[in-house]
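Work through the exercises below with the sequence and the model side by side, and try each task before reading its solution.

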Amino acid sequence: MRINSSIKTCIIPAGGKGTRWSPLSNHIPKEMLPLNGRPVIELVVREAIESGCIDIVIFINKEKQVIEQYLRSLKDLGKEAKLHFIYKRCPKGIVQTILVAEKYIKDSFFVLAFPDLPAFYQGYSPLHQLIDKHQKNNITTHAFAFSPYPAKTASFFEYK
């Protein structure tokens, strides 16, 4: 069920090389790896739509055209939101992604959803909760939610 949200745009950076999920992502884009019978990119796009986003801006590269083909084949997504695909020549990070997406963002708030971090939830999705807090508290800045990294994989972070 879609909520009425003041945040209408979701940016999804999916144009990277997928090395964090190697060797699983050596033959298929990590965003297309199945989880509960669906590619993780679909789960993230559906969460954004359920959270009230109607403009989904997905950054991909030419090696990941299968992402666009797959998502466009899901006719119900096209009825729920407008999917925009922006092709990147080479990944240059999240900030560059946001700068390129500026024409879709304009002066509005937006959400940034990572396609390799799908959430499992009952009730309201984490993205929905973040948007809800943003609206209810009349936040005038951007809010970010991050999941903690396991200590084994993030040895360069300092834990207190």
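**Exercise 1: the fold**

Task: state which pattern the protein chain follows along the sequence.

Solution: Read along the sequence, the pattern is β-β-β-α-β-α-α-β-α-α-β-α, and the secondary structure comes to 6 helices and 6 strands, where helices (H or I, at least four residues) and strands (E, at least two) are DSSP runs numbered from the N terminus. The model is predicted, so that local features need pLDDT of at least 70 and side-chain atom pairs count only at pLDDT 80 or more, while totals for chains, interfaces and linings use all residues. Residues are numbered from 1 along each chain as its sequence is written, and side-chain values use heavy atoms, with hydrogens and water left out.

**Exercise 2: one helix**

Task: find which residues of helix H2 (residues 65-73) are buried, and why they line one face.

Solution: Begin with burial (under 20% relative accessible area, with a 1.4 Å probe and protein chains only), which in helix H2 picks out Ile 67, Glu 68 and Leu 71. Seen down the axis of H2, these buried residues fall within an arc of 95° (taken over the directions from the helix axis to the C-beta atoms), and therefore they line one face of the helix. Finally, look for the cover, which includes helix H1 (40-50), strand S4 (55-60), helix H3 (75-80) and strand S5 (82-87).

**Exercise 3: the whole chain**

Task: report what share of the protein chain is buried.

Solution: Of the 160 residues in the protein chain, 39% are buried. Turning to contacts (heavy atoms within 4.5 Å), among those between residues at least 6 apart in sequence, 76% join residues at least 24 apart.

Notes. Buried < 20%, exposed > 50% of the residue type's maximum accessible area, 1.4 Å probe, protein only.
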